[in-house]
Structures are given as structure tokens and as C-alpha cells.
Amino acid sequence: MNFTYVALPTRVVFGAGSIRSLAAEVERVGARRVLVISTAGRSEMVARIAAQLSDKVAGHFDRAAMHTPLELVEAARGQARAVSADCCVAVGGGSTIGFGKAIALTSALPVVAVPTTYSGSEMTTIWGFSEGGAKKTGRDPKVLPRVVIYDPELTLGLPPAVSAASGMNAIAHCAEALYAHDGNPIVSLMAEEGIRALASALARIVSNPGNSEARSDALYGSWLAGMSIATTSVALHHKLCHVLGGFGLPHAEAHSIVLPHAMRYNQNAAPEAMARIRKALEASDAATGLFDLEKKLGIPMRLADIGMKEADLERAARIAVEAPYPNPRKVEYEPVLGLLRDAYEGRRPS
């Protein structure tokens, strides 16, 4: 058995009430002038959280947005410079944490991440932003948050529909890590456990959003999902979702809808990965198991329902195949277009 595993140096503080350690964690990274990052909709929560930082808050950027638009990234970077920030505290989902990463990319400021969704972005060196209808991504150790605080109490108000889509996005990270060309047994253990934890937790959250144990399990699963994708390459599924992001589709929902179809596309070329997914889901088939879970969770099942235009399917398929990248099955235009058509119509994988 020969493989390489890279352990990333992030400090994790996990558990109900752990947000109360924020001031101590900011102190630990040596920060004195903090730029708090959030969306406008998180202002009340963020105000309560930031209060414990007292006079260390130098500014608050509250315009974080989906797909991390470059013009807003530049505004955030400008504000960080204007207030002489020496640390970013990002409170929110993957989009908000993405803004912290974007600032760190050009300044190397340490980021303290406080996830309130299940994106897993906080555990990776992956950054990305959008411009001119296209999304650019990359990896750089500078953007990895120095500290991550996982407090399930902060997710109790996350609507069931958002929770479900965000959690399926995390499951997608685990699924692709299981067949990544640069994967390894350690990552596979985390990925399988991440799918198991999330699949179990999401069903309980949808039926009872205030279930704190389920919320904790979902955050645990999202942590594992982020760790799974942190040091492995992504394949067709993520490539397609990045392409769809360039068409303005919501990130988590696009991942959810495409995932079962991407699994069916790769099924015969990645039998071990599919067996692990089946086991984690307690299902007889990976693709249909994911599809049926999403249907049970009430997630949108068709790209047509989240803003995709049928006329853009061919263009999306062309973009997805024009640059080669590792995937268990060869990435070809006609099969990829068929995948997208199935996702557009919401057909159950067969």
C-alpha cells in the first residue's frame, strides 16, 4: 500500500457553546484589529458574536454573496486594508468563508471561520470567485482558516431546505473524494463516515429543525466532508457545478441536483467508491440512494427549478469537457450532455 496523506494545520474547536471561545481563539492568533465578515442577513447573529471581541473589531464587511463576485471581493479587500485588519472572522456559510479566503489570498491575513452551514469550505485550501459569468478556483495554503469554531447552536435557525441542500453539497465532497485519483485510505475513511453522518442527520433535521444532536452530527459530517476534499482532486461532479455556478445557479442546490447523475455517470468506473457510498447510505445503489434521500429531504430535483435554461445545457456541456481533468470515466460531450439533460428534467437515475 503506497499513498501520500497531507494533514492540514487547522485548529478545530467543536461543540455546543464553543462560540464563547471566539475571543480566546482570536487572541491565540495574535490579532488586535479584526474584520468581521458576514452576509447582510446575518447581522443580528454577528453583532451578538462580535460583542465578545470588544474593542478588537476594526470593521464589519456584510456584503458577502454567493459565488464570491470579484467586484465584492475587491471591496472586502479594500475594507481590510482601510481598517488595517490583522485577522478576518468569517461567520456564515461557504460564501462568507470564501470572502475571508479571498482576503487571505492576497494579504495572508489569518482567518477564523465560524461555519453556520454544512459547506465544509472552512477545512480546505480551495478558493474561488466569479467574474463575467465564469467561476475561477484554485488552491493555496494561505487561505486555509487558522481556526474553525463549530457550534451547532448557531445552526439551529438554518431553515430545513437550506440545511438539506447544504448537507448534500457536503456529501458531494465526500463522494468525489472516494474516487479521487489522488485519494488514499485515510481520506476514504473520513469520506464514508461523512456521508453516513450527514445522511442520518439531515433526515432528522428536516423532520425536527431544533434537534441539537442532529445539528451536531451534521456539523461533524461537514467537517469530515471538508477534510475529505481538502487534499484530494475533484472530478466531473464539481467541474459541472462550477460551470453551472457561472450561469448563476445557487451553489448548494446545483450540487444536490447534479450529484446522483454524476454518480451514475461514474458508477461502473469506480465500483469501490460506489460500494462505500451504498454502505454509508444503507442503500442498494449509490446513485438512486442519493436521489431518493434528496427527494425525502424535499430538495429541488430539477435544474429547471433553480434557474437553468434548457438552451444553455449544450454550452454547459461544452465548457465542462473542453479542458481535460481526472475522472474515473472519460469525460465526453454526448454522455455529459445526457447527464445534464437528466438533471435538468429531474429523472431518477436508471
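This passage describes the sheet, hairpin and helices of a predicted model.

The strands are considered first. Strands of a sheet pair through backbone hydrogen bonds, either parallel or antiparallel. In this model, 6 strands form an open sheet with parallel pairing. Their order is β1-β8-β5-β4-β2-β3. Strands β1 (11–14) and β3 (57–61) lie at the edges, and each pairs on one side only. On average, neighbouring strands of this sheet are turned by 15 degrees against each other, direction ignored. At one edge, β3 is joined to strand β2 (residues 34–37). These two strands run parallel and share 4 bridges. Within this pair, I37 stands opposite F61 of β3.

Two helices lie across strands of the sheet. Helix α2 (residues 43–51) lies across β2, β3 and β4 (87–92). Its direction makes an angle of about 140 degrees with β4. Helix α4 (residues 94–107) lies across β2, β3, β4 and β5 (111–115). The angle between α4 and β4 is about 165 degrees.

A hairpin is formed by β6 and β7, with 2 residues between the strands. Strand β6 covers residues 126–131, and strand β7 covers residues 134–139. The two pair in the antiparallel sense over 6 bridges. Among the bridge partners, S130 is matched with K135 in β7. W127 is matched with G138, also in β7. In the turn, G132 has a positive phi of about 60 degrees.

Helix packing is seen between α5 and α8. Helix α5 spans residues 160–178, and helix α8 spans residues 236–246. Their axes come within 9 Å and cross at roughly 140 degrees. The crossing angle therefore makes α5 oblique to α8, since only angles over 145 degrees count as roughly antiparallel. On the α5 side, A172, H173 and E176 take part in the contact. They meet L236, H237 and H238 in α8. By class, the contact has 2 nonpolar, 3 polar and 1 charged residues.

Helix α7 (residues 212–230) was examined for its length and its start. At 1.5 Å a residue, its 19 residues should span 27 Å. The C-alpha atoms at its ends are 27 Å apart, so the expected and modelled spans agree. At the start of α7, N211 makes a contact through its side chain. A side-chain oxygen of N211 reaches to within 3.1 Å of the backbone nitrogen of E213.

Conventions: Residues are numbered from 1 along each chain as its sequence is written. This is a predicted model: local features need pLDDT of at least 70, side-chain atom pairs count only at pLDDT 80 or more; totals for chains, interfaces and linings use all residues. Side-chain values use heavy atoms; hydrogens and water are left out. Axes are lines fitted to C-alpha atoms, for helices over the stretch in contact, and angles run from 0 to 180 degrees between N-to-C directions. Angles under 35 degrees count as roughly parallel, over 145 as roughly antiparallel, 65 to 115 as roughly perpendicular and the rest as oblique. Contact means heavy atoms within 4.5 Å. Ala, Val, Leu, Ile, Met, Phe, Trp, Tyr, Cys and Pro count as nonpolar, Asp, Glu, Lys and Arg as charged, and the others, Gly among them, as polar. The expected span of a helix is 1.5 Å times one less than its number of residues. A polar contact is a pair of N or O atoms within 3.5 Å; within protein, one must be able to donate a hydrogen and the other to accept it, and residues adjacent in sequence count only if both atoms are side-chain atoms. Two strands pair if DSSP finds at least two bridges between them.
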